[in-house]
Amino acid sequence: MEGENGKKMKILCLHGFRTSGSFIKKQISKWDPSIFSQFHLEFPNGKFPAGGKSDIESIFPPPYFEWFQFDKDFTEYTNLDECISYLTEYIIANGPFDGFLGFSQGATLSALLIGYQAQGKLLKEHPPIKFLISISGSKFRDPSICDIAYKDPIKAKSVHFIGEKDWLKIPSEELASAFDKPLIIRHPQGHTVPRLDEVSTGQLQNWVAEILTQPKDVGVSIGEHESKVENTNGDIGINGMGINKENAEIVEVSQA
């Protein structure tokens, strides 16, 4: 399925802290290639060179980048405004983008941009972002940001990968709760882009199919139930930076 003007739908993919666009491209390459076969994916590098040691130095070559900096409690941020301006300009210059994909800091930023757009704070001339693929994302904790970005349930379709051993498990669940009817895919590993088993691959393929078949002018999620899917395939993670169950449809998946 093609987007506007007969072109493939575009996804902006934002990498994690002190990694790179090339690294997140490699990370998601472990997924079934059919998932993104009908999309054009872009992998920009963060605005700032890594300001310290990268956790992937032993497994992936430099250079490494970061989107912004933060304190240990993730309540104070440095260069965040510059990062947002940089990404806004990138999106306008290289878009339009139909959706975002992000890991860790990249997922956190992606959700923020969608929330800000929904509240009319930025990207006012850009079409509504239709969807988010969040892997180990989290909410910002500064109240001045939260009161805008997460003021109302974010209507964009979203899928959230949450690791059972991820040190950002709870923040990832909190981010998912900021979206309207999210799909949640759980895996048993830590802070990583997980390998997908057959069940979770099918869930993601079905989720993507709904995006590809929705009307072109639809920019928000429609008519879905929140789901929880257990992914039992293992993967090696790297370090880095409660769901409301009232209307949730819980799908428990067991593997033979």
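**Reading burial, cores and crossovers in a predicted model**

User: How should I read relative accessibility at Pro-62, and does this residue count as buried or exposed?

Analyst: The general idea is a pair of cut-offs, with buried meaning under 20% relative accessible area and exposed meaning over 50%. Pro-62 has 58% relative accessibility, and therefore counts as exposed. Please keep in mind that this is a predicted model. The residue sits in the loop between β3 (48-49) and β4, and its C-alpha lies 9.7 Å from that of Ser-22, although the two are 40 residues apart in sequence.

User: Which polar contacts does the side chain of Glu-66 make, and is Glu-66 itself buried or exposed?

Analyst: The same scale applies here, and Glu-66, in strand β4 (residues 65-66), counts as buried because its relative accessibility is 2%. Its side chain makes a polar contact with the side chain of Arg-18 at 2.8 Å, and it also reaches the backbone nitrogen of Gly-51 at 3.0 Å. Leaving aside neighbours within four places in sequence, the residues in contact with Glu-66 include His-15, Phe-17, Lys-47, Phe-48 and Gln-105.

User: How do I read a nonpolar core, and which residues have the most contacts inside the largest one?

Analyst: In soluble globular proteins, nonpolar side chains tend to be buried together. In this model the largest nonpolar core has 34 residues, and Phe-68, Phe-100, Leu-109 and Phe-140 have the most contacts inside it. The elements that contribute two or more residues to this core are β1 (9-14), α2 (80-94), α3 (105-118) and α4 (143-149). There is also a second, separate core of 26 residues, with Ile-11, Phe-39, Leu-41 and Ile-135 among its members. Returning to Phe-68, its contacts beyond four places in sequence include Phe-17, Phe-48, Tyr-77, Leu-109 and Phe-140.

User: What span should the 14 residues of α3 have, and how far apart are its end C-alpha atoms?

Analyst: The general check is a rise of 1.5 Å a residue, which gives an expected span of 20 Å for α3, and since its end C-alpha atoms are 20 Å apart, the two values agree. As for its surroundings, 13 of the 14 residues of α3 are buried, so the helix is largely enclosed by the rest of the structure. Following α3 comes Gly-120, whose phi is positive, near 75°.

User: How do I read the strand pairing around β9, and how many bridges join β8 to β9?

Analyst: The things to look for are the bridges, the sense of the pairing and the path of the chain between the strands. Strand β8 (residues 131-135) runs parallel to β9 and is joined to it by five bridges, with Phe-161 in β9 as the bridge partner of Ile-135. The chain crosses from β8 through α4 to β9 in a right-handed β-α-β crossover. On the other pairing, β9 (residues 157-163) and β10 are also parallel, over five bridges; Val-159 has Leu-183 as its bridge partner in β10, and Ile-162 has Arg-186. Together with helix α5 (residues 169-176), β9 and β10 make a right-handed β-α-β unit.

User: Which residues lie on each side of β10 (residues 183-187), and what does Arg-186 contact there?

Analyst: Leu-183, Ile-185 and His-187 lie on one side and Ile-184 and Arg-186 on the other, and all are buried. Arg-186 counts as buried because its relative accessibility is 8%, and a polar contact of 2.8 Å joins its side chain to that of Glu-173. Strand β9 has seven of its seven residues buried, so it is largely enclosed by the rest of the structure.

Key: Residues are numbered from 1 along each chain as its sequence is written. This is a predicted model: local features need pLDDT of at least 70, side-chain atom pairs count only at pLDDT 80 or more; totals for chains, interfaces and linings use all residues. Side-chain values use heavy atoms; hydrogens and water are left out. A nonpolar core is a set of buried Ala, Val, Leu, Ile, Met, Phe, Trp, Tyr and Cys residues joined through side-chain atoms within 4.5 Å. Buried means under 20% relative accessible area, exposed over 50%, partly exposed in between (1.4 Å probe, protein chains only). Helices (H or I, at least four residues) and strands (E, at least two) are DSSP runs, numbered from the N terminus. Contact means heavy atoms within 4.5 Å. Two strands pair if DSSP finds at least two bridges between them. A crossover is right-handed if, with the strands pointing away from the viewer, the path from the first strand over the helix to the second runs clockwise. The expected span of a helix is 1.5 Å times one less than its number of residues. A polar contact is a pair of N or O atoms within 3.5 Å; within protein, one must be able to donate a hydrogen and the other to accept it, and residues adjacent in sequence count only if both atoms are side-chain atoms.
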